[in-house]
Amino acid sequence: MIVLGLESSCDETAAAVVTAEGKILSNVVLSQIEEHAPFGGVVPEIAARAHITQMDRLVDQAITEAGISFNELDAVAATAGPGLIGGVLVGLMTAKSIALVCDIPFIGVNHLEGHALTARMTGDVKFPYLLLLVSGGHSQILVVEGVGKFRRLGTTIDDAVGEAFDKTAKMLGLGFPGGPAVEKAAKNGDPNRFDLPRPMKGRIGSDFSFSGLKTAVRTALQNLGDTITQQDKADLAASFQQAATESLCSRLENAITTFKTDYPTGTQLVVAGGVAANQTLRNKLNNLCASANLELKIPLPALCTDNGAMIAWAAIEHLKLGRSDSLDMAAKARWPLDPNAEPAPFAGKKA
Ligand code: KG4
Ligand code: ZN
């Protein structure tokens, strides 16, 4: 089985060809970072237009690099949500058109499920497992019980953690995307110089909050006055990174307790999303998993960030269970993985 997967829900236009055995035949990702950088964040209209301009070419490139032709495809998949609706529509309509022309099944994939299942494409990961999903749009802890079966243990009540990295970088004038820039600056910084809050630490449950931390960074910056040195920036970046990752891990500790109690056969923690690239977070997760006796599984950075292979793979998991979607499937701006989870208190669209 050979499947083409398309991704266009945020600021990456991506197409990939993957086999049922999890072999990635091609994986083309075009980042729109340069187009959004002047605005310090993703601008939905710019993103949608860039997806339209690039998608056809990327699909061609993915097919060519895979060394196949369109008539060798067994199915085609695209992210159907959640995400920026203008972009989602581009990938979805492209995939539906290919399905019609090639007369093959179409699968509309939940972007978050794409992140969630990637670790099963690249490694020996078995249900149920605990998932920490940390990206620019989402911060969630879920139990992945099976394909299409999720239990949410925690979500952000305000900003996503990647967003907090991006906003901190913007305040410090470090550029976009903020995560890698903050991490780089933090290398020369003192993580103990600024006493920043660890949001939600010590509270029951596993929900996150990052907006208070962001405000604390702004206040610390204002207190430094008009002349801010490179060392000040490095120290503040390091202090923020320390606080954000400590907060993530303390919320995860509670989730691990619940996971171990409710799913005694589960032995693995999977991490997905762009923030999984952060080395400080990785070190902390390594320690946490060692003491909780869990196996830590983090896909390669290129597969943690948005890509088409994760969409093709999630589709393959559904196809193996005999599922595909109708061509009238609608794009969804909001599509929670666990439909039974209560919206987090005060949560907006990111719940
Ligand atoms: O998963 P992703 O590529 O896109 C979605 O948001 O879906 O994640 C991008 C996010 C951005 O907020 C970026 O700043 C963050 O991941 N990020 C990082 C690092 N690399 C990317 N955050 C912290 N440290 C990093 N090294
Ligand atoms: Zn993503």
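**View 1. Ala244 sits in helix α8 of this predicted model.** The helix that carries Ala244 covers residues 230-262. Is Ala244 buried or exposed? With a relative accessibility of 0%, Ala244 falls under the 20% cut-off and so counts as buried.

**View 2. Here are the contacts of Ala244 beyond its sequence neighbours.** Leaving aside residues up to four places away in sequence, Ala244 touches Phe165, Phe210 and Leu213. Have a look at Ser211 too: 33 residues separate Ser211 from Ala244 along the chain, and their C-alpha atoms are 11 Å apart.

**View 3. Five strands make up an open sheet with mixed pairing.** Reading across, the order is β3-β2-β1-β4-β5. Which strands stand at the edges? They are β3 (24-31) and β5 (106-110); each has a single partner strand, so one side of each lacks a neighbour in the sheet. From one strand to the next, the twist averages 20°.

**View 4. Strands β1 and β2 run antiparallel.** Six bridges join β1, residues 2-7, to β2, residues 12-19. To find your way along the pair, start from Glu7, which stands opposite Ala14 in β2.

**View 5. Helices α3 and α4 pack on the sheet.** Helix α3, residues 85-102, touches β1, β4 (75-81) and β5. The direction of α3 makes about 160° with that of β4. Helix α4, residues 111-122, touches β1, β2, β3, β4 and β5. Which angle does the direction of α4 make with that of β5? Here the value is about 95°.

Notes:
Residues numbered from 1 in each chain as written. Chains lettered and ligands numbered in written order. Predicted model: local features only at pLDDT ≥ 70, side-chain atom pairs only at ≥ 80, totals over all residues. Heavy atoms only, no water. Pairing = 2+ DSSP bridges. Helix = DSSP H or I, 4+ residues; strand = E, 2+ residues; numbered from the N terminus. Axes fitted to C-alpha atoms, helices over the stretch in contact; angles between N-to-C directions. Contact = heavy atoms within 4.5 Å. Buried < 20%, exposed > 50% of the residue type's maximum accessible area, 1.4 Å probe, protein only.
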